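User: Please take a close look at one part of this model, the space enclosed inside it and what surrounds that space. A single connected account will do.

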Amino acid sequence: MAAGMPQTMTAMGFDAPGGPDVFRAEELPVPQPGPDQVLIRVAFAGVNRPDVIQRQGFYPPPPGASPIPGLEIAGEIAAIGPNVGREWLGQKVCALVSGGGYAEYCVANFAHCLPVPEKVSLAEAAALPETLFTVWHNVFERGYACEGETLLVHGGTSGIGTMAIQLAKAFGLTVITTAGSSGKCDAALALGADRAINYREEDFVAEVKTFTGGKGVNVVLDMVSGDYVPRNLACLAEEGRHVTIAVLGGLQATINMAQVMSKRLTLTGSTLRARPDAFKALLADEIARTAWPLVADGTIRPVMDQTFPLTEAAAAHARMEGGDHIGKIVLEVAGG
């Protein structure tokens, strides 16, 4: 550990799964970076739905990952492992991590870090990695979305939804999204969505068919699963791709396989947290070359909802579970 580094840090943990109130501040040893890792002095940490599910006891960290929640961070590199060049010291970066973000210090694989562009705040930078990596991989790599195609994304004002709208529009797609209020629909349209459907008042299957002239969409980014799946399949055009990234509406779905065959549909999905470091490094490299310039020039910006102090992680989770947020919730750790 570098000279002058503290031996302990504050982190937000919990003894047993439960509601937001199970969070408590604890003093833990500052982690030491492994051979290919850097130690980041955390300025801000993003709050994501997987953090909530972990706190509830349904999404345990993968082997070797920190039990402390938090999958994305931004801050300054304070120490480096032996395989990392000294030029990384002092660099301001954001990083995708497998856990440990709700803390004053967090280790990250140096290949999973991206430099914070000059015009991007550290709070904004902390709101980028989890959503950007997830959307890029699932919409463009697993969903094979191409310029000129149409994407349906549910939850258009969530962190994932707001990122999906911006990325898809930047790469020439038409975007249809769903949201739960007229205000959220207006927010999605302001971000660039071509059609926003209030799912509480409109049948999104019928509205998709009307908007597309009966053709349907090419890709569905599904965060609901459950009984949404057959409805999503009804929205898909021939050769359509259905990509599931969360199961907020239930683990099981009943589908018509004859529909899958006749329309030649592809059903796929993924989770990111447990994927190997090498995969995440390749994904980070592709994002650095393709999407990160759009972050640097302001084409893509995270939509920021609310910032909470680290010790108010419970309030941050309560806001996310309440469903009123638009965009990203972040925790302020050291600021900057």
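Analyst: By class, the lining of the largest cavity in this predicted model has 4 nonpolar, 1 polar and 3 charged residues (Ala, Val, Leu, Ile, Met, Phe, Trp, Tyr, Cys and Pro are nonpolar; Asp, Glu, Lys and Arg charged; the others, Gly among them, polar). The residues concerned are L71, L96, V97, S98, E130, L272, R273 and K280. Cavities and pockets come from a 1 Å grid over the protein atoms alone: in a cavity a 1.4 Å probe fits but cannot get out, a pocket is an open set with protein on both sides within 12 Å along at least five of seven lines, and lining residues have an atom within 4 Å of a point. The structure holds 1 cavity of 30 Å³ or more, and the space in the largest cavity comes to about 50 Å³, a volume being the space filled by probe spheres on grid points joined across faces, edges and corners.

Residues are numbered from 1 along each chain as its sequence is written, and side-chain values use heavy atoms, without hydrogens or water. Local features need pLDDT of at least 70 and side-chain atom pairs 80 or more, while totals for chains, interfaces and linings use all residues.

Two of the lining residues, E130 and K280, fall within helices α3 (129-142) and α9 (277-290), which pack at an angle of about 85° with their axes 10 Å apart. That makes α3 roughly perpendicular to α9, the class for 65 to 115 degrees. Helices are DSSP runs (H or I, at least four residues), strands likewise (E, at least two), numbered from the N terminus; axes are lines fitted to C-alpha atoms, for helices over the stretch in contact, with angles from 0 to 180 degrees between N-to-C directions. On the α3 side the contact (heavy atoms within 4.5 Å) uses L132, F133, W136, H137 and E141, which meet F279, K280, L283, A284, E286, I287 and T290 of α9. By class this contact has 7 nonpolar, 2 polar and 3 charged residues. K280 thus belongs both to the helix contact and to the cavity lining.

Helix α3 also lies across β8 (150-153), β11, β12 and β13, running at about 160° to β13. These strands belong to an open sheet of 6, ordered β10-β9-β8-β11-β12-β13 with parallel pairing, where a pair needs at least two DSSP bridges. β10 (195-198) and β13 (266-269) are at the edges with a single partner strand each, so one side of each has no neighbour in the sheet. From one strand to the next the twist averages 20°. Inside the sheet, β11 (217-222) and β12 (236-244) run parallel and are joined by 5 bridges; V220 has H242 in β12 as its bridge partner.

S98, from the cavity lining, is also among the residues nearest the centre of the second largest pocket, with Q37, G64, A65 and V107, in a lining of 32 residues. That pocket holds about 540 Å³ of space. Helix α9 and β6 (105-109) each supply at least two residues of its lining, and the largest share, 5 residues, is from β6. Its lining has 18 nonpolar, 9 polar and 5 charged residues.

Definitions and conventions:
Parallel < 35°, antiparallel > 145°, perpendicular 65-115°, else oblique.
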